[in-house]
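The following exercises are to be worked through with the sequence and the coordinates at hand. Each task is followed by a solution in steps.

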Amino acid sequence: MKYLLNAFHFHYRCQSNRTFVKYLSYNLQIMEQHSKALLLSSSNCHGYSMLEFAKEEICDFLKKHDVQELIFIPYAQKGYDGYTKTIKNVIDPWGFSVSGLHTFNDPVEAIKTARAIFVGGGNTFLLLKTLYDNNLVSLIRERVWAGDLAYIGSSAGTNVATKSIHTTNDMPIIYPPSFDAIGIVPFNINPHYIDKPENEKHKGETRDQRIGEYMEMPHAGTVLGLREGSILHVHGKSLILKGVAGAVLFKKGEEKTEYPVGTDVSFLIDNINI
């Protein structure tokens with residue numbers, strides 16, 4: 001029994017060391033990355049047509065990076081053709097050309113040569129599983145980190161751009177091989193963040209309570225709640241809140257903090273715990 005316990009403890013230490021090395025490597029790479037991304041809380045915002053609130057930011061972002069052709073990834077929903085058509089009808093009139101990733105014979109080769117992608121919203125679990133199934137998670141991460149691929153995400157597309165999908169609002173209708181996501185930013189985001197339910201008679205858990213449950217877990221870290229209409233602009237180690245609404249930051253053992261549009265939240269990378 002003594003030898004079995006020693007073997008178990010040795011195995012546990014090895015597993016813990018491998019996990020530490022994995023996250024140390026990830027965090028060091030994050031600090032050197034050259035990512036270019038727009039992370040939208042949602043595609044729809046009250047008072048605006050689809051993506052209208054983000055039109056100026058998206059157009060400036062794509063033009064700045066000399067992008068004319070945009071690959072749309074519709075994996076978060078079923079009905080790829082219809083979803084892609086909806087996005088194409090919005091963005092093409094802005095002077096860009098949208099194509100669905102599902103229309104390419106080889107999605108890996110398509111991403112290898114793409115200059116920009118737009119990952120649409122829907123179900124985060126379905127989206128991440130399909131990205132893993134098509135061997136795209138690490139490829140997108142590497143190309144975005146290198147500064148070779150501009151990334152736009154909305155809702156679920158923003159969730160998968162973060163450290164993990166632990167703070168999605170979606171139901172687990174299918175299971176990805178891991179909750180670890182692309183990791184363009186080294187923290188979690190909660191899209192569609194709202195302080196309290198619209199119906200005051202609702203007695204279920206609030207969003208703050210749900211995020212609080214996550215914060216009780218040993219693997220939990222910082223969570224940025226993006227209100228609908230909020231956009232996180234990522235340029236290397238620079239993080240700026242844009243759009244028409246702000247964000248709320250959650251940290252373990254601290255009260256939540258409100259940040260308005262225009263706030264520089266680059267400290268979320270600068271203060272990364274390695």
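**Exercise 1.** How much space lies in the second largest pocket? Determine also which residues and which helix contribute to its lining.

*Solution.* The model is a predicted one. Step one: the volume of the second largest pocket is about 410 Å³. Step two: 17 residues line this pocket, and H166, T168, R210, I211 and E213 are the closest to its centre. Step three: helix α8 (residues 207–215) supplies five lining residues, the largest share. Step four: by character, the lining of the second largest pocket consists of five nonpolar, seven polar and five charged residues.

**Exercise 2.** Is S155 buried or exposed? Locate it and list its contacts beyond the local sequence.

*Solution.* Step one: S155 sits in the loop that lies between β5 (150–154) and α7 (156–159). Step two: the relative accessible area of S155 is 13%. Step three: buried means under 20%, so S155 is buried. Step four: with neighbours within four places in sequence left aside, S155 contacts L40, S41, S42, G121, P191 and H192.

**Exercise 3.** In what order do the seven strands of the open sheet run? Describe the edges, one strand pair and a packed helix.

*Solution.* Step one: the order is β3-β2-β4-β5-β1-β8-β9, and the pairing is mixed. Step two: β3 (97–100) and β9 (238–243) are the edge strands, each pairing on one side only. Step three: the twist from one strand to the next averages 20 degrees. Step four: β1 (residues 36–40) pairs with β8 (residues 230–235) in the antiparallel sense over five bridges, and A37 stands opposite V234 in β8. Step five: helix α3 (residues 80–91) packs on the sheet and touches β2 (69–73), β3 and β4 (116–119); the direction of α3 makes about 175 degrees with that of β3.

Terms used
Residues numbered from 1 in each chain as written. Predicted model: local features only at pLDDT ≥ 70, side-chain atom pairs only at ≥ 80, totals over all residues. Heavy atoms only, no water. 1 Å grid on protein atoms, 1.4 Å probe; cavity = no way out; pocket = protein on both sides within 12 Å on 5 of 7 lines; lining within 4 Å. Points joined across faces, edges and corners; volume = space filled by probe spheres on them. Helix = DSSP H or I, 4+ residues; strand = E, 2+ residues; numbered from the N terminus. Nonpolar A, V, L, I, M, F, W, Y, C, P; charged D, E, K, R; others polar. Buried < 20%, exposed > 50% of the residue type's maximum accessible area, 1.4 Å probe, protein only. Contact = heavy atoms within 4.5 Å. Pairing = 2+ DSSP bridges. Axes fitted to C-alpha atoms, helices over the stretch in contact; angles between N-to-C directions.
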